[in-house]
Amino acid sequence: NYQNILFSAALLAAFCRHPFTTGSLFTALAVALLAPPEVFDLDFRAPRKGAQFIPIGGERLRFAIALFSYGCLWFLLPGRSSVQAMLIGFIACLLHAYFRKRPWTEMAKETCTLKGMADRLGLKSKPS
């Protein structure tokens with residue numbers, strides 16, 4: 001999850017720098033990932049050895065569009081503003097990890113489970 005924050009912060013800075021290119025790549029990626037399979041049922045044919053042809057369409061076309069758009073998004077990141085945004089995202093991740101509080105119910109379950117296991121094994125806790 002933290003890696004997604006870093007990547008998203010860098011892409012936001014890249015979007016501010018190149019809005020049309022980044023927006024087009026986001027749209028292509030969204031179409032490749034979210035469109036129904038019927039959209040990609042095209043019958044392209046690529047020449048193969050000799051006179052045989054193999055169909056290209058469906059899953060291969062969807063994968064090619066997703067791979068191309070995601071790969072191009074990675075090439076937009078090395079700019080200075082993207083690196084600065086990634087640093088801000090890194091600081092935000094560190095602050096979140098440091099100040100995050102666990103819910104008391106989760107801590108209670110963990111404590112009860114450890115006590116339950118100790119009781120089952122016959123271990124007694126030392127009085128403090």
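**Exercise 1. Surface and overall layout**

Task: State how much area the protein chain exposes and what share of it carbon and sulfur atoms supply.

Solution. In this predicted model, the protein chain exposes about 10500 Å². Carbon and sulfur atoms account for 68% of that area. On the interior side, 22% of the 128 residues are buried. The secondary structure consists of 5 helices and 2 strands, arranged along the sequence as α-α-β-β-α-α-α. Of the contacts between residues at least 6 apart in sequence, 60% join residues at least 24 apart.

**Exercise 2. The environment of Ser-82**

Task: Decide whether Ser-82 is buried or exposed, and list what it is in contact with beyond its sequence neighbours.

Solution. Step one is location: Ser-82 belongs to helix α4, residues 80-99. Step two is accessibility: the relative value for Ser-82 is 0%, so the residue counts as buried, the cut-off being under 20%. Step three is the contact list. With neighbours within four places in sequence left aside, Ser-82 is in contact with Ala-10, Ala-13, Ala-14, Arg-17, Leu-76 and Leu-77.

**Exercise 3. Aromatic pairs**

Task: Classify the ring pair of Phe-7 and Tyr-70 and that of Tyr-70 and Trp-74, using the angle between ring planes.

Solution. The whole structure contains 4 aromatic pairs. For Phe-7 and Tyr-70, the ring centres are 5.7 Å apart and the planes stand at 50 degrees, so the pair is tilted. This pair connects distant parts of the chain: Phe-7 sits in helix α1 (residues 2-17) and Tyr-70 in helix α3 (residues 59-75), 63 residues apart.

For Tyr-70 and Trp-74, the centres are 6.4 Å apart and the planes are at 80 degrees; the pair is therefore edge-to-face, since the angle is over 60 degrees. Tyr-70 and Trp-74 both lie in helix α3, 4 residues apart, which is about one turn of the helix.

Through these ring pairs, Phe-7, Tyr-70 and Trp-74 form a cluster. Its members can now be sorted by accessibility:

- Phe-7 has a relative accessibility of 13% and counts as buried.
- Tyr-70, at 38%, is partly exposed.
- Trp-74, with a relative accessible area of 42%, is partly exposed.

**Exercise 4. Packing of α1 against α2**

Task: Find the angle at which α1 and α2 pack and name the class of that arrangement.

Solution. Helix α1 and helix α2 (residues 19-34) pack with their axes 5 Å apart, at an angle of about 130 degrees. That angle makes α1 oblique to α2, because roughly antiparallel would require over 145 degrees and roughly perpendicular 65 to 115.

Next come the residues involved. From α1, Leu-11, Ala-14, Phe-15, Cys-16 and Arg-17 take part, and they meet Pro-19, Thr-22, Gly-23 and Phe-26 in α2. Sorted by type, the residues of this contact are 6 nonpolar, 2 polar and 1 charged. Ala-14 and Arg-17, part of this contact, are also among the residues in contact with Ser-82.

**Exercise 5. Phe-63**

Task: Determine whether Phe-63 is buried or exposed, and give the separation of its C-alpha atom from that of Ala-32.

Solution. Phe-63 is placed in helix α3. Its relative accessible area is 55%, so Phe-63 is exposed, the threshold being over 50%. Phe-63 and Ala-32 are 31 residues apart along the chain, and their C-alpha atoms are separated by 7.3 Å.

Definitions and conventions
Residues numbered from 1 in each chain as written. Predicted model: local features only at pLDDT ≥ 70, side-chain atom pairs only at ≥ 80, totals over all residues. Heavy atoms only, no water. Buried < 20%, exposed > 50% of the residue type's maximum accessible area, 1.4 Å probe, protein only. Contact = heavy atoms within 4.5 Å. Areas by Shrake-Rupley, 256 points an atom, 1.4 Å probe, with all protein chains shown as cover. Phe/Tyr/Trp six-rings, centres within 6.5 Å; stacked < 30°, edge-to-face > 60°. Axes fitted to C-alpha atoms, helices over the stretch in contact; angles between N-to-C directions. Parallel < 35°, antiparallel > 145°, perpendicular 65-115°, else oblique. Nonpolar A, V, L, I, M, F, W, Y, C, P; charged D, E, K, R; others polar.
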